[in-house]
Amino acid sequence: MHLQAAPPRQLPAQDMISLDAQEQRAQRVTWTVGAVAGAVLVVLTCLLCTRLLF
């Protein structure tokens, strides 16, 4: 006995302009979080170095 598979459904249309805008916002958030984390690491490194020197 062989079963016939159902044909694939049609996917909904994608709003490429909206997807691009969301991707840009996500990239901006990623860069902001990375910049804040980098600044915190620089401050902590400076504090550690000054503590070791004095």
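How far is the sulfur of cysteine 49 from the closest cysteine sulfur, and in which residue does that sulfur lie? The closest cysteine sulfur belongs to cysteine 46 and is 6.7 Å away, too far for a bond. The legends below describe a predicted model.

**View 1. The whole chain has one helix and zero strands.** The helix, H1, covers residues 16-53. The C-alpha trace spans about 80 × 35 × 5 Å along its principal axes. The radius of gyration of the chain is 25 Å, whereas a compact globule of 54 residues would have a value near 10 Å. Buried residues account for 0% of the 54 residues. The chain exposes about 5800 Å², of which carbon and sulfur atoms supply 68%.

**View 2. Cysteine 46 and cysteine 49 are not joined by a disulfide.** A disulfide is a covalent bond that links the sulfur atoms of two cysteines. In this pair the sulfur atoms lie 6.7 Å apart, and a disulfide requires them to be within 2.5 Å. The separation is therefore too great for a bond. A search of the whole structure likewise finds zero disulfides. Cysteine 46 has a relative accessible area of 44% and is thus partly exposed. Cysteine 49, with a relative accessible area of 40%, is also partly exposed. Both values fall between the limits of 20% for buried and 50% for exposed residues.

**View 3. A nonpolar patch lies on the surface.** The patch is formed by Val36, Val40, Leu41, Val43, Leu44 and Leu47. Together these residues have about 560 Å² of accessible area. One of them, valine 43, is found in helix H1. Valine 43 counts as partly exposed because its relative accessibility is 48%, and the exposed class begins over 50%.

**View 4. Alanine 6 lies in the segment before H1.** Is this residue, alanine 6, buried or exposed? Alanine 6 counts as exposed because its relative accessibility is 70%, and the limit for that class is over 50%. Alanine 6 and cysteine 46 are 40 residues apart along the chain. The C-alpha atoms of these two residues are separated by 64 Å.

Technical notes: Residues numbered from 1 in each chain as written. Predicted model: local features only at pLDDT ≥ 70, side-chain atom pairs only at ≥ 80, totals over all residues. Heavy atoms only, no water. Patch = residues over 30% accessible without salt bridge, like charges linked within 9 Å, V, L, I, M, F, W, Y side chains within 5 Å. Areas by Shrake-Rupley, 256 points an atom, 1.4 Å probe, with all protein chains shown as cover. Salt bridge = Lys/Arg side-chain N within 4 Å of Asp/Glu carboxyl O. Helix = DSSP H or I, 4+ residues; strand = E, 2+ residues; numbered from the N terminus. Buried < 20%, exposed > 50% of the residue type's maximum accessible area, 1.4 Å probe, protein only. Rg over C-alpha atoms; globule rule 2.2 N^0.38 Å.
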